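Work through the exercises below with the sequence and the model in view. Each one sets a task and then solves it in steps.

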Amino acid sequence: MKAHLSRRYLFSASHRLHSDTMSEAENQATYGKCNNPFGHGHNYTLEVTVSGKVDEQTGMVCNLVDLDGFVNREVLEPYDHENLNMLPEFAEQVPTTENLCMRIFEIVQRGFHFAHLERVRLEETMMNSFEYTGAHEPRH
Amino acid sequence: MIYLTRKAEFAASHYYHNPEFTPEENRRIFGKCNNPNGHGHNYTLEVTVKGEVDPRSGFVVDLKQLKEVMHHEVLDAMDHRFLNKEVPEFLYSIPTTENIAIAIWKRLAGKLDHARLHRVRVYETPDLFVDFYGED
């Protein structure tokens, strides 16, 4: 029987939304306060949803120790308490929460093989969040 | 189609143990959750039903009936219980959050008039939850 399991993680990072393809005025108009040259920070909440058959012997979709270990090693360690703009993946790409969400989806999809990745949801603040389910329409 | 979700909370204890595993395997796979004396959680249950809005009542489901079914089928059975020892489903299966969601789905399925069960979500903690949408 298939179930979906979701786990939430916290990390803090700073970013500045700025595109070299836009003029200063366009950057200001597009990104507003987020274009402040010194950047600003958020406490991000990451929600990872995986799915799979519930293993009859363990009663689990996947072992949380494996999921926690992977997310800690591959997502939280690289991003927690970092300035996202300084990281190679955001050298050419604006570190909006949309792009960060898609990036984290790719990391988990590529490297975590104990269950199927359904969705990555990233809360930038309590008031806004972003979801990415890959290049297909979500079933639910 | 419209979806309605009702929440409820229950507190219960459990532990994870498979008698087919060796003691070492049980400790390695289940970690702290293997403590045979059990440990507890405040679970939050979210039951989502779906259906068409009744043109006369404006309801998708009779909320009173949904509340009563959730109380009778789930809370009366699981609230303030040791799941492994007091809930029949878990005498022979491990009360993981996954299996709890499936058991709750089976307890609720077919018990509601008009509306159909869409999703059972069980939060073990605010940072961990399982969704079950029925068998594929």
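A residue is buried if 20 or more other C-beta atoms lie within 10 Å of its own, exposed if 12 or fewer, and partly exposed in between. By that count H4(B) is mostly covered, with nine of its 12 residues buried. The model is a predicted one.

**Exercise 1. The two chains**

Task: State how many helices and strands chain B has, and in what order its elements run. Then do the same for chain A.

Solution:
- Step 1. Chain B holds four helices and five strands. Starting at the N terminus, their order is β-α-β-α-β-α-α-β-β.
- Step 2. In chain A there are three helices and five strands. Its pattern along the sequence is β-α-β-α-β-α-β-β.
- Step 3. For extent, the C-alpha atoms of chain B fill a box of roughly 60 × 30 × 25 Å along the principal axes. The C-alpha trace of chain A spans about 60 × 30 × 25 Å along its own principal axes.
- Step 4. For burial, 29% of the 136 residues in chain B are buried. In chain A, 27% of the 140 residues count as buried.
- Step 5. Take the contacts in chain B between residues at least 6 apart in sequence: 69% of them join residues at least 24 apart.

**Exercise 2. Strand pairing in chain B**

Task: Find the sense, parallel or antiparallel, in which S1(B) pairs with S2(B) and with S3(B).

Solution:
- Step 1. Between S1(B) and S2(B) there are 13 bridges, and the pairing is antiparallel. One place to look is His14(B), whose bridge partner in S2(B) is His39(B).
- Step 2. S1(B) and S3(B) run parallel and are joined by two bridges. Here Ser13(B) stands opposite Phe82(B) of S3(B).

**Exercise 3. Helix H2 of chain B**

Task: Check the length of H2(B) against its number of residues, and locate its bend.

Solution:
- Step 1. Helix H2 of chain B covers residues 63-78, which is 16 residues.
- Step 2. At 1.5 Å a residue the expected span is 22 Å; the end C-alpha atoms are 21 Å apart, so the two agree.
- Step 3. The helix H2(B) does bend, by about 35°, at His71(B).
- Step 4. Its buried residues are Leu66(B), Met70(B), Val74(B) and Met78(B). Their cover includes the strands S1, S2 and S3 and the helices H3 and H4 of chain B.
- Step 5. Just after H2(B), the residue His80(B) has a positive phi of about 55°.

**Exercise 4. Helix H4 of chain B**

Task: Name the buried residues of H4(B) and say what covers them.

Solution:
- Step 1. H4(B) has 12 residues and reaches 16 Å between its first and last C-alpha, close to the 16 Å expected at 1.5 Å a residue.
- Step 2. The buried residues are Thr97(B), Glu98(B), Asn99(B), Ile100(B), Ala101(B), Ile102(B), Ala103(B), Ile104(B) and Trp105(B).
- Step 3. Their cover includes S1 of chain A, as well as S2, H2, S4 and S5 of chain B.
- Step 4. Gly110(B), just after H4(B), takes a positive phi of about 80°.

**Exercise 5. Where the chains touch**

Task: Which elements of chain B give two or more residues to the side that touches chain A?

Solution:
- Step 1. The contact takes 20 residues from chain B and 17 residues from chain A.
- Step 2. On the chain B side, the elements that give two or more residues are H4 and S5. S5(B) gives the most, with five residues.
- Step 3. By type, this side of chain B divides into nine nonpolar, five polar and six charged residues.
- Step 4. S5(B) also pairs across the contact: four bridges join it to S1 of chain A, and the two strands run antiparallel. Arg7(A) stands opposite Leu128(B) in S5(B).

**Exercise 6. The largest nonpolar core**

Task: Which members of the largest nonpolar core touch the most other members?

Solution:
- Step 1. In soluble globular proteins, nonpolar side chains tend to be buried together.
- Step 2. The core here has 53 residues, and those touching the most other members are Ala3(A), Val50(A), Val61(A), Ile104(A), Ala101(B), Ile104(B) and Val122(B).
- Step 3. H4(B) supplies the largest share of this core, six residues.
- Step 4. Take Val50(A) as an example: beyond its neighbours within four places in sequence, its contacts include Leu5(A), Val61(A), Leu67(A) and Leu117(A).

Definitions and conventions
Residues numbered from 1 in each chain as written. Chains lettered and ligands numbered in written order. Predicted model: local features only at pLDDT ≥ 70, side-chain atom pairs only at ≥ 80, totals over all residues. Expected span 1.5 Å × (residues − 1). Bend = angle between axes of the 7 residues up to and from the residue. Contact = placed C-beta atoms within 7 Å. Nonpolar A, V, L, I, M, F, W, Y, C, P; charged D, E, K, R; others polar. Pairing = 2+ DSSP bridges. Core = buried A, V, L, I, M, F, W, Y, C linked by C-beta atoms within 7 Å.
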